[in-house]
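Visitor: Could you walk me through reading a model like this one, feature by feature? I would like the general idea and then the case at hand.

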Amino acid sequence: MHRVIAPMRPLLAVLVLTAAACGGAEKTPAVALTFNEEAWAPPTEKDIPNDSLGASIKRGLYLLRFTPESLPKYATSSLRCTSCHQNDGLKKSAAPLTGSHARFPKYMPRSGAVISLGDRVNYCFTRSLAGNAIPVGSREMTDILAYLAFISKDVPVGAHTAGTDGLIAMKDTLVGDVARGEKLFTEKTCITCHGAEGKGNGPIPALWGPTSYSIGASMAREERAASFIVHNMPQMAPGTLTPQEAFDLSAFINSHPRPDSPGKEGDWPMGGAPKDVPYNTNGHDAHRPPPSVFPKANPAGSLWPNPASIAHPAATAKGAK
Ligand code: HEC
Ligand code: HEC
């Protein structure tokens with residue numbers, strides 16, 4: 001045995017050296033420059049193949065659309081994934097999920113750790129849906145990941161696409177006015193769909209109260225919700241509000257009680273929380289916290305702990321999420 005393997009070693013070393021030399025000589029063009037997002041269209045439901053993988057993709061899509069109906073133990077609020085990730089996760093202004101499969105694993109400043117796409121899905125289950133984490137190896141998680149991979153078709157790993165930074169950034173010098181927001185809530189017809197109590201109705205999700213998103217959701221941040229609102233609401237006339245009106249509405253909506261998010265104090269463990277985070281974190285004072293929060297029925301299930309940090313010295317306050 002030894003005789004066979006021993007002569008191979010020098011050969012392997014030569015191969016490694018050659019590869020290193022090639023890597024040094026050629027310049028690899030940045031992937032982001034070669035991907036033309038404008039010319040790319042994500043596949044849609046009609047493109048789902050009629051095979052086993054297609055069945056999984058389709059189940060994943062339906063879990064996004066009918067989350068509380070399909071997973072009542074886990075999705076306990078009035079929200080479904082598509083309440084925010086509109087149009088099956090394809091809408092560019094509504095935190096698109098297209099390309100997400102090519103963006104993970106990644107370092108998430110809020111977690112202070114490198115997280116998988118499954119972890120990211122569970123952050124939305126526990127925080128945005130104010131529900132419980134689904135088991136990572138479950139049929140349902142695999143189906144959701146199959147759908148996310150499907151709508152990421154042909155997006156190269158590392159490409160910068162519309163969803164890379166979540167919701168479109170707003171001018172962060174704007175500040176909402178709660179009293180103005182309350183008036184606009186009626187004037188701009190939000191009240192007709194979401195209701196005077198913000199409770200929603202059927203497929204119309206709650207904006208506050210025990211069945212809305214939790215305080216640990218991105219949507220609980222004034223600037224993030226303002227971005228969603230200015231681009232996507234009111235549902236039948238998006239684009240009709242000014243950025244200031246969207247901040248006012250966001251401030252009003254987020255001035256109400258909503259579900260708690262256990263473990264939120266551990267967010268941004270390296271510091272650098274964005275200024276509109278409504279709870280205290282390392283080196284950050286809560287921005288306009290809601291007057292109270294509803295305790296979670298299952299605090300353990302609704303906490304998706306941050307993975308162990310790789311504690312890179314450069315991983316400080318970079319990035320906003
Ligand atoms: C209350 C609104 C809301 C709901 C409901 C919601 N999300 Fe999200 N999700 C967001 C926002 C906002 C972001 C982007 C973060 C940001 O912009 O700060 C995001 C980010 C994500 C990402 C990361 C995308 C990327 O490429 O970085 C995934 C994956 C995701 N959500 C999946 C889901 C799934 C699956 C569900 C349903 C179980 C869900 N979300 C429900 C608001 C929501
Ligand atoms: C015609 C009915 C309708 C009107 C009017 C409307 N919405 Fe919505 N809203 C929806 C629906 C439906 C969704 C869920 C997204 C979807 O299914 O496309 C939603 C989602 C939302 C969300 C994200 C999910 C959540 O629960 O937080 C916010 C925030 C929101 N609306 C705020 C507003 C504001 C502010 C106004 C007024 C400017 C408004 N909406 C007007 C129907 C409406």
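Guide: We will go from the overall fold to the two ligands, one helix and a few backbone details. Please keep in mind that this is a predicted model.

Visitor: Let us start with the whole chain. How many helices and strands are there?

Guide: The protein has 13 helices and four strands. Of its 321 residues, 46% count as buried.

Visitor: What share of the contacts between residues at least 6 apart in sequence joins residues at least 24 apart?

Guide: That share is 69%.

Visitor: Now the ligands. Which residues are closest to ligand 1?

Guide: A good way to read a binding site is to take the shell, then its polar contacts, then its make-up. The shell of ligand 1 has 26 residues, and the closest are Cys 81, Cys 84, His 85, Arg 103 and Cys 124. Two of these make polar contacts through their side chains: His 85 has a polar atom 2.8 Å from a nitrogen of the ligand, and Arg 103 has one 2.7 Å from an oxygen of ligand 1. The backbone takes part as well, with a polar atom of Leu 167 at 2.9 Å from an oxygen of ligand 1.

Visitor: Which helix gives the most to the shell around ligand 1?

Guide: Helix 8 does, with six residues. Helix 6 and helix 8, the latter spanning 117–128, each supply at least two. By residue type, the shell of ligand 1 divides into 15 nonpolar, five polar and six charged.

Visitor: And which residues are closest to ligand 2?

Guide: Here 23 residues form the surroundings, with Cys 190, Cys 193, His 194, Ala 206 and Met 233 the closest. The side chain of His 194 places an N or O atom 2.8 Å from a nitrogen of ligand 2. Gln 86 likewise has a side-chain N or O atom 2.8 Å from an oxygen of the ligand, while Ala 206 uses a polar backbone atom, 2.7 Å from an oxygen of ligand 2.

Visitor: How does the shell of ligand 2 divide into nonpolar, polar and charged residues?

Guide: It divides into 16 nonpolar, six polar and one charged. Helix 11 gives the most, with three residues. At least two residues each come from helix 6 (81–84), helix 11 (190–194), helix 12 (222–232) and helix 13 (243–253). As for the space itself, ligand 2 takes up the second largest pocket.

Visitor: Helix 13 was in that list. How many of its residues are buried?

Guide: When reading a helix, ask how much of it is covered and what covers it. Nine of the 11 residues in helix 13 are buried. Among them are Glu 245, Asp 248, Phe 252 and Ile 253. The cover over the buried residues includes helix 10 (178–187), helix 11, helix 12 and strand 3 (258–259).

Visitor: Let us turn to the backbone. What is the usual pattern for phi and for peptide bonds?

Guide: Most residues other than glycine have a negative phi, and most peptide bonds are trans.

Visitor: Where are the cis peptide bonds you would point out?

Guide: One joins Phe 104 and Pro 105, with omega about -5 degrees. Pro 105 is in the loop between helix 7 (86–89) and strand 1 (106–108). Another joins Met 233 and Pro 234, also with omega about -5 degrees, and Pro 234 lies in the loop between helix 12 and helix 13. You have already met Met 233 among the closest residues to ligand 2.

Visitor: What is the phi of Asp 88, and is the residue buried or exposed?

Guide: Asp 88 is not a glycine, yet its phi is positive, about 60 degrees. It sits in helix 7. Asp 88 counts as buried because its relative accessibility of 16% is under the 20% cut-off.

Visitor: And is Asp 154 buried or exposed?

Guide: Asp 154 also has a positive phi, near 75 degrees, and lies in the loop between helix 9 (139–150) and helix 10. At 58% relative accessibility, Asp 154 counts as exposed.

Visitor: One last residue, His 284. What does its side chain have as a polar partner?

Guide: A polar atom of the His 284 side chain lies 2.8 Å from the backbone oxygen of Val 277. His 284 is in the loop between strand 3 and strand 4 (293–294), and is buried with a relative accessible area of 10%. Beyond its neighbours within four places in sequence, His 284 is in contact with residues including Ala 273, Pro 274 and Tyr 279.

Notes
Residues numbered from 1 in each chain as written. Chains lettered and ligands numbered in written order. Predicted model: local features only at pLDDT ≥ 70, side-chain atom pairs only at ≥ 80, totals over all residues. Heavy atoms only, no water. Near = heavy atom within 4 Å. Polar contact = N/O pair within 3.5 Å; in protein donor to acceptor, adjacent residues only side chain to side chain. 1 Å grid on protein atoms, 1.4 Å probe; cavity = no way out; pocket = protein on both sides within 12 Å on 5 of 7 lines; lining within 4 Å. Sits in = over half its atoms within 2 Å of the grid points. Nonpolar A, V, L, I, M, F, W, Y, C, P; charged D, E, K, R; others polar. Buried < 20%, exposed > 50% of the residue type's maximum accessible area, 1.4 Å probe, protein only. Contact = heavy atoms within 4.5 Å.
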